[in-house]
Amino acid sequence: MLQYETVPVTPFQQNCSIVWCDETMKAAIIDPGGDLPLLEDACQQLGVTLEQIWLTHAHIDHAGGTADLAEKLSLPIIGPHEGDQFWIDGLPQAAASYRFPPSRPFTPTRWLHDGDTVTLGQHTLQVRHCPGHTPGHVVFYSPEIKRAFVGDVLFAGSIGRTDFPQGNHEDLINSITQRLWPMGDDTVFIPGHGPESTFGRERVSNPYVGGT
């Protein structure tokens, strides 16, 4: 079965998720924004072999540690969508402005698009392009365990900000209602910040997308 553990990192308490196949113990890390020693220790404690980096989007708290981790462990960088290239290019400036540790731009090994899949051991996850918070934001969905790793598209009781460069509120709402809701009300989502929730709960109670 597919397993995961979420480790909050950076001063923004970004939910970095370690996802692994319990048959092979091969793992991917979703959004290594920083605190790499903490993440490497977590992988060691879990007994997993880190093989891939998956990115939902390229904001500093999600992607800041990517270049260093990829270089140190010779890992491929999978995602996000090309729309976030300018955020990748701007990581050094973003790190300085938010007083994060230095961060370097990188070139993803593979860009992701709507309808793509990513494979980890014996398991395959679906990729959905969900622009709005950033133009190149993607989401990883496992129908097998009914879990979606949604980055900053949706939160428990809130939605992603759209006031950053190339953010778009209408696109974000469309991403949630057209790309996330069809995954099913019983799907649990792991947001980029804060606690997990279900799509069904947010469809009822979320003040921004409730009743959609």
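This is a short walk through a predicted model, from its sheets and helices to its cysteines and its largest pocket.

Start with the sheet that holds β1. Five strands make up this open sheet, in the order β1-β2-β3-β4-β5. Their pairing is mixed. At the edges stand β1, residues 2-9, and β5, residues 77-78. Each of these two pairs on one side only. Strands of a sheet pair through backbone hydrogen bonds, either parallel or antiparallel. For β1 and β2 the sense is antiparallel. Strand β2 covers residues 14-21, and 8 bridges join β1 to β2. To find one position in this pairing, look at Y4, which stands opposite V19 in β2.

Now add the helices. Helix α1, residues 36-46, lies across β1, β2, β3 and β4. Here β3 spans 26-30 and β4 spans 49-54. Helix α1 runs at about 150° to β1. Helix α3, residues 66-73, lies across β3, β4 and β5. Its angle to β4 is about 145°.

Further along the chain comes another open sheet. This one has 6 strands, in the order β6-β7-β8-β9-β12-β13. The pairing is again mixed. Its edge strands are β6 (117-120) and β13 (197-198), each paired on one side only. Inside the order, β7 (residues 123-129) and β8 (residues 138-142) are antiparallel and share 4 bridges. One bridge sets Q126 against Y141 in β8.

Next, the cysteines. How many disulfides does the model contain? The count is 0. A disulfide would need two cysteine sulfur atoms within 2.5 Å. For C43, the nearest cysteine sulfur belongs to C16 and is 8.0 Å away, so C43 is in no disulfide. What about C130? The closest cysteine sulfur to that of C130 is also in C16, at 19 Å, which is too far for a bond. Are C43 and C130 buried or exposed? C43 counts as buried because its relative accessibility is 6%, under the 20% limit. C130 is buried too, at 0% relative accessibility.

Finally, look for empty space. Rolling a probe the size of a water molecule over the atoms shows where such space is left. The largest pocket holds about 270 Å³. Which elements give two or more residues to its lining? They are α2 (60-63) and α5 (91-97). The lining counts 16 residues. Of these, F12, H59, D61, Y98 and F164 lie nearest the centre of the pocket.

Key
Residues numbered from 1 in each chain as written. Predicted model: local features only at pLDDT ≥ 70, side-chain atom pairs only at ≥ 80, totals over all residues. Heavy atoms only, no water. Pairing = 2+ DSSP bridges. Contact = heavy atoms within 4.5 Å. Axes fitted to C-alpha atoms, helices over the stretch in contact; angles between N-to-C directions. Buried < 20%, exposed > 50% of the residue type's maximum accessible area, 1.4 Å probe, protein only. 1 Å grid on protein atoms, 1.4 Å probe; cavity = no way out; pocket = protein on both sides within 12 Å on 5 of 7 lines; lining within 4 Å. Points joined across faces, edges and corners; volume = space filled by probe spheres on them.
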